[in-house]
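Colleague: Hey, I've never looked at this one before. Could you walk me through it?

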Amino acid sequence: MSPCQEHVLRSGPGKFKQWVIGRLRAALPAIFALLRAVWPIAKIGKTHLVSLHDDVREVMLTDCAFEVPYGTKLKVLMEGQTVFVGMRDSPGYRSQLDRLQSLARKGDMERLAAAAQERAEEIVSAAEGELEVVDTLFRTVTFDVLEEYFGVTPPREGDMRVWSTRMFEYQFLASDKSLKDEILQLAPSLLRHIEDIIQGRLANGDDSEDDYLGRALAKQRENAQDWDDLFIRTMLSALMIGGPPQPPMVLPQAIEQLLRRPGALATAHEAATKGDEELVFGHIFEALRFDPISPILPRKATRDYIIAEGTRRAHKVSKGDTVVVAIQSAMSDPRRIPAPKEFIPTRQHWEYMHFGLGLHECFGRHINRAIFPAICMPLLRRKNLRRAEGPGGHLSFKGLFPAELKVRFDR
Amino acid sequence: MRLRTRSIALEVRPSHKAKLVGILVNLRGGRSRGREGEPGYYPDVLARLPTCHFLSLCVFESADYDPTLVIEANYDGDSGPFWACLQHLVGDELREALRCCKRPLDHSGKLYDSITEPGSRRDPAPFLECHVMRPKAFFHGNRGMPRDRILAEASLANAVQDRLGNGEAGRDKTAEELREGLRTELMPKFPWLAEKPKPRIPLGETALDWLKLAAALFLFLHLCLVPGAVIAGLIGDGKHALLLGAASVAMWAVFNKFRKPLEGVSTTRPGLLLSRLVSNAHIVLAVLAALFLFSWPIVAAGNVLALDLEWSAAWKNSARQLGWGIGWLMLFILPGLLVWMRYLERHDSSQEAPQTDPVMLRQMVELEDWIPQNHMASVVSLRPNIPRRLVAYVGTLLIHLALRAAVRDGYLGSMRTIHCAHWAFINNGSRMLFLSNFDLSWEAYFDDFIEKAHEGVTAIWGGSVGFPPTTMLIEDGAAHGRAFKRWARHSMSPTRFWVSAYPDLTVDQIERNNRIANGLCARRLSPKAANAWAGDL
Ligand code: HEM
């Protein structure tokens, strides 16, 4: 394990707890299959777990009755500012999202993909037949290219990878006291850092529009009210927290799944060799179906609602209840997904929910679509890609974060 | 992977008919690529419905009932994923189409509401599934051929054709040399040539088909044995013989009087049904013997339980009861049913000049003959009498089971032009829906029906209102060619949206491609088999 890897991730739970998490993760497909068959909408206290494909879609698409519960923590991270990620559908939500979307330009994705592929190729070529992929390849490339794309340069003091990853963990995965304490330090650091970058660019008269920040500042010159500094820094910080920590979680899990399936690895290698990035992406997405980064997503009922109304499993949810949608289960529900146990890298788009669905569907999905294959292709192109010997050759976790995976290949 | 045929029929609000037709027409116009506007050719749709063979959507219109939306789907494999694919392809249009339909009065009303209410984002697939009908009878011309295999073999056949060019390539080679050469050449592009082709109809499926037919026949005939067996329990053999003799002579006398067609009705050789029975007497006898043998233990057990007999006495008594049962079945019940049927046939009305809306007729004709395949959709009302309905329901089921068991090569009689066809009963069984995907023009298809399969067609449609006059269930009827065609056209509605997964292939071509592919898969063929194989090139 590389020394910097050591501090990007927190030390993780004890060995036994980690073992239990691992077992639970592995058992999830069977648990979900059982739930789908006997208790498709399970209720425990005020929490409802939805596991059928149809019902998961219904909850995710009915945002007028089910909101995302991210607002409170986001406020902590953003020093009281509201961000669309935690908002209900409203003019405010649409306005923030539209403004942010307007920063993307034609040709961005090709540029990002090229940059990611170049950087990944450098790293893979430099490795002498053996490579630790989680940190050395996936985290490095993701942060490098996204920091550049968003215009959020690394801080002189501190480590952006640590800041983003911790804040992502706090926002979506954990709330323990030590993490909260750390967040109270880190959140202001990130915000101040972005504010400094903005001020620096304004002071320098830098009017380049290569990155999100440059484009946002250009918009500010036209419409200062919609694009004030506070809005720009809040959006950029939301992107840095929600975005870069995820590919280093997703991609190692995908590679691990491919290593478990020699047939799929061989076709992924073939696709990468031919430069067929669509098919490479198909392999990554399909591999993730067997071990998604997020098997479930949370929602809060904003009014009384009946899920699956008109069917025998119609189920009442009261205002204020928590609804957990099992997207992993939905993506392997044989009632809707053709041959869910088979590895089919050419599935249709709708068969996946890795990026969520409906109102809060991942903002970064196009970015991911571009960089996932670009980062993986240099590695997958290598002949005889295989696990390294020893325990490092199998993906290990720290809590829910992939920690280490070493692979070997012929140079 | 099994080919499934399903349909959905939903009543449409009359005020929304035009809107619904507009939605379906837009579906066609907006989606076709390449040969714009031509029905049957939608590569983009087919890519997103990867298991679909044929899909059609139409709105039936008639003065007799409110418009009806019918969705027909023929697809490989499981149903849930298919409806999900369809919903992701045309979900918004489906929701709009459902909004034009009447709210169902049954349990699915609530589901309908939640899918069609303004702003709803609920998926329409679960509602469609609530209304999916299994066909009462269906026919698949290329049975056991999944779509992927049909397409793969078609592309192989094209590659073979390309290699052979004008025929020079194989001129001085034996058939086996030619085959081996092609196999080696094509193997890299078609690696599956190295595998043994999967049997199209597995042995288990064949056995199940015959078992189902036998069970249905047995149940039906076994029930017909009851009257004879009961009488045998009530009176002695002497009196029983006298009774049966008198009843059957009387029945046969009436039967004989009525069995001939009425004046102006006969088109074929009269007495077709009887001559069929006589020429197949050995089969009839075998069926009766099997009926006896299989019924014997059941009836004997009944005797032991109900009459408290010893087994030896029960065997004897049940044999006697069965003997009388078969006697009554053959000498009284079957002729009796036919007499009843003849009575109805003699009083049925048939429509000589049904009115077909000229606009609809034009629309139908406009949509036909763009590709080598065509589609037809028809709804007819069933005559109300019990025996007619019984023949329609039971007869359709038996014909289906018989076709399933006996027809393995796609030939109906001597015609092989049907890809997927099916019959289903809608509106509480008061109407019969027929949907067919066939080769050649509609005229040729019906000429084939009239010339080569009119008996089966008459048996199935004879119980429909307005059908040309029939005799003895299978005679005349569809053989009144022009009247039958007029009647059929009148029952049809234009297919507003129709997709075929292999629009350029006929049933015969698919079979030929299959033979070519199977031949190329073989490592070695005998000279005779190789010559037969080369005959297909
Ligand atoms: C470039 C990196 C990424 C960025 C910038 C990004 C950004 C975002 C943002 C801003 C949202 C909220 C959208 C909204 O509320 O309208 C979101 C949602 C989401 N993202 Fe991403 N994301 C990134 C990578 C990923 C990755 C790699 C995954 C997993 C494969 C992912 C999965 C999701 C999911 C599941 C949601 C929906 C959450 C929910 O509905 O509860 N994201 N993303």
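Modeller: Sure, one term to begin with: helices (H or I, at least four residues) and strands (E, at least two) are DSSP runs, numbered from the N terminus. This is a predicted model, where local features need pLDDT of at least 70 and side-chain atom pairs count only at pLDDT 80 or more, while totals for chains, interfaces and linings use all residues. Residues are numbered from 1 along each chain as its sequence is written, chains are lettered from A and ligands numbered from 1 in the order in which they are written, and side-chain values use heavy atoms, with hydrogens and water left out.

Colleague: Okay, salt bridges then. How many are there over all chains?

Modeller: The count comes to 71 over all chains. A pair is counted when a side-chain nitrogen of Lys or Arg is within 4 Å of a carboxyl oxygen of Asp or Glu.

Colleague: Helix 14 of chain A caught my eye. What do Arg289(A) and Glu286(A) form?

Modeller: Arg289(A) makes a salt bridge with Glu286(A), and their closest N and O atoms are 2.9 Å apart. Both sit in helix 14 of chain A, three residues apart, about one turn of the helix.

Colleague: And are Arg289(A) and Glu286(A) buried or exposed?

Modeller: Both are buried. Buried is under 20% relative accessible area, exposed is over 50%, and partly exposed is in between (1.4 Å probe, protein chains only).

Colleague: What does Glu277(A) meet in a salt bridge?

Modeller: The side chain of Arg369(A), at 3.0 Å from N to O. Arg369(A) is in helix 16 (residues 365-381) of chain A and Glu277(A) in helix 14 of chain A, so this pair ties together parts 92 residues apart in sequence. Arg369(A) is partly exposed at 25% relative accessible area, and Glu277(A) is partly exposed too, at 33%.

Colleague: Where is Asp276(A) found?

Modeller: In the loop between helix 13 (262-274) and helix 14 (277-290) of chain A. Asp276(A) is partly exposed, with a relative accessible area of 33%. Its C-alpha atom is separated by 35 Å from that of Asp55(A), and the two are 221 residues apart along the chain.

Colleague: Let's go between chains. Which side chain does Arg121(B) meet in a salt bridge?

Modeller: That of Asp63(A), at 2.5 Å from N to O. The pair crosses from the loop between helix 4 (109-116) and helix 5 (125-130) of chain B to the loop between helix 3 (53-61) and strand 3 (66-67) of chain A. Arg121(B) is partly exposed at 39%, whereas Asp63(A) is buried at 10%.

Colleague: What links Arg143(B) and Glu205(B)?

Modeller: A network of salt bridges, which also takes in Asp209(B), Arg404(B) and Arg408(B).

Colleague: Now sheets. What order do the strands of the three-stranded sheet in chain A have?

Modeller: The order is 4-12-9, in an open sheet with antiparallel pairing; two strands pair if DSSP finds at least two bridges between them. Strand 4 (130-132) and strand 9 (383-387) of chain A are the edges, each pairing on one side only. Neighbouring strands are turned by 25° against each other on average, direction ignored. Axes are lines fitted to C-alpha atoms, for helices over the stretch in contact (heavy atoms within 4.5 Å), and angles run from 0 to 180 degrees between N-to-C directions.

Colleague: What stands opposite Val407(A) in strand 12 of chain A?

Modeller: Arg387(A) does, and so does Leu131(A). Strand 12 (residues 406-410) of chain A pairs with strand 9 of chain A over three bridges, and three bridges join strand 12 of chain A to strand 4 of chain A.

Colleague: Which face of strand 12 of chain A is covered?

Modeller: The one with Val407(A) and Phe409(A), while Lys406(A), Arg408(A) and Asp410(A) make the uncovered face. Helix 12 (residues 247-260) of chain A lies across strand 9 and strand 12 of chain A, at about 105° to strand 9 of chain A.

Colleague: How many strands form the open sheet in chain B?

Modeller: Four, in the order 5-7-8-6, with antiparallel pairing. Its edges are strand 5 (137-140) and strand 6 (373-381) of chain B.
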